[in-house]
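Q: Take the structure below and go through its cross-links and charged pairs. For each label, say what justifies it.

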Amino acid sequence: MYNSDTGLCTPGSYLQPQSIGTSLAPSITEGDLFAASTCSTNDGFTYVTSGDESACIMASDFIANYDDANQHCRDLGSHLFVAPNIARLQLMPHGEYRLIGLTDIDTEGVYVWQDTGIAISNTYATQFFAPGDPNNWNNDEHCILFRAGAGATGVDYSCSVAVAKFVCERPIYNQ
């Protein structure tokens, strides 16, 4: 625990268990509590942060279709990258389209995150997709590519075609 008034740190063991439903965090006068996050960085994973967002990700260096990318992530104990809010998308490598864990495979036009099964809202979709997308061209575009950075935008594409690199994400512990 760090107290910015005194510039001193206090060991976390100072915290005392409380009854269920009450906060274990210190009071404002006691200081700020910092907890370490664990990102297993083997296999090319790295811990990234931007603002209040953080993730343990691995950006592939090869192109794959959805099934192959999904399997590669699972083989590494991870899943394709998910972003339940727009700000989180900026954690991805910038400048090129990357395959992420968002699809409308089950129901056309309902885009669902792979890890939770939760669909994105219409507001999110408006912020996320490029003008004219998603368009389900040829009734065969159910997977999503996203380009982070300046001009950030998402597009739909055919899941069976290997057209882009992808991003895997591992859970962060103690977050």
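A: Cys-73 and Cys-168 come up straight away, with sulfur atoms 2.0 Å apart in a disulfide. The model is a predicted one.

Q: Why is the link of Cys-73 and Cys-168 called a disulfide?
A: The cut-off is 2.5 Å between cysteine sulfur atoms. The sulfur atoms of Cys-73 and Cys-168 are 2.0 Å apart, so the pair is within 2.5 Å and qualifies.

Q: What makes the disulfide of Cys-73 and Cys-168 left-handed or right-handed?
A: The torsion about the S-S bond. For this pair the torsion is about -85°, so the disulfide is left-handed. The pair links distant parts of the chain. Cys-73 is in helix α1 (residues 66-75) and Cys-168 in strand β10 (residues 165-170), 95 residues apart.

Q: Why does Cys-73 count as buried or exposed?
A: Buried requires under 20% relative accessible area. Cys-73 has 0% relative accessibility, so Cys-73 counts as buried. Cys-168, at 0%, counts as buried too.

Q: How many disulfides does a search of the whole structure find?
A: Three. One of them joins Cys-39 and Cys-56, with sulfur atoms 2.0 Å apart. The torsion about that S-S bond is about 70°, so the disulfide is right-handed. Cys-39 lies in the loop between β2 (8-9) and β3 (46-50), and Cys-56 in strand β4 (residues 53-59), so parts 17 residues apart in sequence are tied together.

Q: How do you know whether Cys-39 is buried or exposed?
A: From its relative accessible area of 14%. That value is under 20%, so Cys-39 is buried. Cys-56 is buried as well, at 0%.

Q: What makes Cys-143 and Cys-159 a disulfide?
A: The S to S distance is 1.9 Å. That is within 2.5 Å, so the pair meets the cut-off. With 105° about the S-S bond, the link is right-handed. Cys-143 lies in strand β8 (residues 143-147) and Cys-159 in the loop between β9 (153-157) and β10, so the link ties together parts 16 residues apart in sequence. Cys-143 is buried at 0%; Cys-159 is buried at 16%.

Q: What is the pairing when the bonded cysteines are numbered in sequence order?
A: The pairing is 1-2, 3-6, 4-5.

Q: Why is the contact of Arg-170 and Asp-43 called a salt bridge?
A: The closest N and O atoms are 3.1 Å apart. The cut-off is 4 Å, so the pair qualifies. Arg-170 lies in strand β10 and Asp-43 in the loop between β2 and β3, so the salt bridge ties together parts 127 residues apart in sequence.

Q: What makes Asp-43 partly exposed?
A: Its relative accessibility is 46%. Partly exposed covers values between 20% and 50%, so the label fits. Arg-170, at 9%, counts as buried.

Q: How do you know that Glu-53 and Arg-88 meet in a salt bridge?
A: Their N to O distance is 3.8 Å. That is within 4 Å, so the pair passes. Glu-53 lies in strand β4 and Arg-88 in the loop between β5 (79-80) and β6 (98-103), so parts 35 residues apart in sequence are tied together.

Q: What makes Glu-53, Arg-88 and Glu-169 one network?
A: Arg-88 also forms a salt bridge with Glu-169, the closest N and O atoms being 2.4 Å apart. That pair ties together parts 81 residues apart in sequence. Salt bridges that share partners join Glu-53, Arg-88 and Glu-169.

Note on methods
Residues are numbered from 1 along each chain as its sequence is written. This is a predicted model: local features need pLDDT of at least 70, side-chain atom pairs count only at pLDDT 80 or more; totals for chains, interfaces and linings use all residues. Side-chain values use heavy atoms; hydrogens and water are left out. Helices (H or I, at least four residues) and strands (E, at least two) are DSSP runs, numbered from the N terminus. Buried means under 20% relative accessible area, exposed over 50%, partly exposed in between (1.4 Å probe, protein chains only). A salt bridge is a side-chain nitrogen of Lys or Arg within 4 Å of a carboxyl oxygen of Asp or Glu.
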